[in-house]
Amino acid sequence: MGMHWVRDAGACSGVYVLEDGRTIIDAGNMYGLIDELQDLGPLDRLERILLTHCHFDHVGGMEEIFQVVSPDVHVHPVTREYLRLLRSPFPEFFDALEGDGKLKLIQDGDMIPGSRPLRVIHAPGHTAGDTCFFEETSGALFSGDAVLPYRLNLGPALSKPDETCGGRMKDKVHSLKRLVSLPVRHLFPGHGEPVFHKGSDHVKLSLYSLYQSLHEDRPELAWVTMGRDLLDLGQLAEARQCWSKSAEISPEASEVKGLLEAIEAAASQAAH
Ligand SMILES: [Fe+2]
Ligand SMILES: [Fe+2]
């Protein structure tokens, strides 16, 4: 898909420019973003900004953009509420947008129109309003901070729940399980380099590292839980790999044996 990426830097998220500059995802927090956008073409093409969540590193650049153009801003209602917590003048800025009818509330399952429509996925966990955008034909997931890519030597980057913005571990597990079921080829995160192949592997690694953090004293259970999830998705070979990892750690654990039984039951069902 034709797309431009304005790289993230420090306390500024990456910004994705789509649809020949008609749509951007997140606004970063970088003075000078407007120059970068202008280099791509006239700014009055910008029709909409999609926000992934309320954090300042993703929305701070809005003010600069609105000094020049006034696109619609698409935001989940929960994010809309948490935007009130930002430091002044941002709460007033968003109130003014709302007053002007520029704030468009989006819900899980909505489609953002365009030559390649984007499906809205509410994926709370990092914050309560986390929103991802999925482009089905190319398998591109714009994940904000809900999923960050695995980096060699650094391992999976897990964005922590921010409780002040309603982030909760329990929601994060649920959301990542949903995202794991998507056929993600490209992962376009709010921080870190875009991933162009096997994006779903990065979603799986995020979920696995979450399970690791939840089962620190019994690491085999992280593999068992991951294996159960993959089994639910019908990914038998990968579930079996999880089982063998868990069996290396604790072959006698009842959960480990239970996973193997479940895999074998599913395999024999698939054979009939
Ligand atoms: Fe961020
Ligand atoms: Fe964030």
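**Exercise 1. A pair of strands in the five-stranded sheet**

Find the residue of β10 that is the bridge partner of F133, and then place this pair in its sheet.

Solution.
Step 1. In this predicted model, F133 is bridged to F142 of β10.
Step 2. The strands concerned are β9, residues 131-135, and β10, residues 140-144. Three bridges hold them in the antiparallel sense.
Step 3. On its other side, β9 is joined to β8 by four bridges, and these two strands also run antiparallel. One of the residue pairs here is R119 with its partner F134 in β9.
Step 4. Next, β8 (residues 118-122) pairs with β7 over two bridges, again in the antiparallel sense. In this pairing, I112 stands opposite L118 of β8.
Step 5. The whole sheet is open and has five strands in the order β7-β8-β9-β10-β13, with mixed pairing. Strands β7 (111-112) and β13 (186-189) are its edges, since each pairs on one side only.

**Exercise 2. The six-stranded sheet**

Give the strand order of the open sheet of six strands, and name its edge strands.

Solution.
Step 1. The order is β1-β2-β3-β4-β5-β6, and the pairing is mixed.
Step 2. An edge strand pairs on one side only; here these are β1 (4-6) and β6 (103-105).
Step 3. From one strand to the next, the twist averages 25°.
Step 4. Within the sheet, β2 and β3 are antiparallel and share three bridges. Y16 stands opposite I25 of β3.

**Exercise 3. Backbone angles that stand out**

What sign does the phi of E19 have, and which residues does the cis peptide bond join?

Solution.
Step 1. Start from the usual case: most residues other than glycine have a negative phi, and most peptide bonds are trans.
Step 2. E19 is not a glycine, yet its phi is positive, about 55°. This residue lies in the loop between β2 (15-18) and β3 (23-25).
Step 3. The cis bond joins S88 and P89, with omega about 10°. P89 is placed in the loop between α4 (77-82) and α5 (90-99).
Step 4. A glycine can be added to the list. G114 has a positive phi near 160° in the hairpin of β7 and β8, where five residues lie between the strands.

**Exercise 4. Two domains and their contact**

State where the domains begin and end, then describe the side of domain 1 that touches domain 2.

Solution.
Step 1. Domain 1 covers 4-214 and domain 2 covers 219-271.
Step 2. Taken over C-alpha atoms, the centres of the two domains are 33 Å apart.
Step 3. Domain 1 gives seven residues to the contact and domain 2 gives six residues.
Step 4. On the side of domain 1, the elements that give two or more residues are α6 (169-180) and α7 (199-214). The largest share, four residues, is from α7.
Step 5. By class, this side of domain 1 has four nonpolar residues, two polar and one charged.

**Exercise 5. How α8 packs against α9 and α10**

Is α8 roughly parallel or roughly antiparallel to α9, and which is it to α10?

Solution.
Step 1. Take α8 (residues 219-232) and α9 (residues 236-249): their axes are 8 Å apart and the angle is about 165°.
Step 2. Angles over 145 degrees count as roughly antiparallel, and therefore α8 and α9 are roughly antiparallel to each other. Their crossing is left-handed.
Step 3. Look at the residues that meet. Those of α8 include W223, M226 and L230, and those of α9 include C242, W243 and I249. The contact of α8 with α9 divides into 11 nonpolar residues, two polar and three charged.
Step 4. Now take α8 with α10 (residues 254-271): the angle is about 20° and the axes are 10 Å apart.
Step 5. Angles under 35 degrees count as roughly parallel, so α8 is roughly parallel to α10. The crossing of α8 and α10 is also left-handed.
Step 6. In this contact α8 uses, among others, L221, R228 and L231, while the α10 side includes V256, L259 and I263. The residues of the contact of α8 with α10 are eight nonpolar, one polar and three charged.
Step 7. Compare the two lists for α8. V224 of α8 is one of the residues that meet α9, and V224 is also one of those in the contact with α10.

Definitions and conventions:
Residues numbered from 1 in each chain as written. Chains lettered and ligands numbered in written order. Predicted model: local features only at pLDDT ≥ 70, side-chain atom pairs only at ≥ 80, totals over all residues. Pairing = 2+ DSSP bridges. Domains from an automatic or database assignment. Nonpolar A, V, L, I, M, F, W, Y, C, P; charged D, E, K, R; others polar. Axes fitted to C-alpha atoms, helices over the stretch in contact; angles between N-to-C directions. Parallel < 35°, antiparallel > 145°, perpendicular 65-115°, else oblique. Left-handed = near helix turned anticlockwise from the far one by under 90°.
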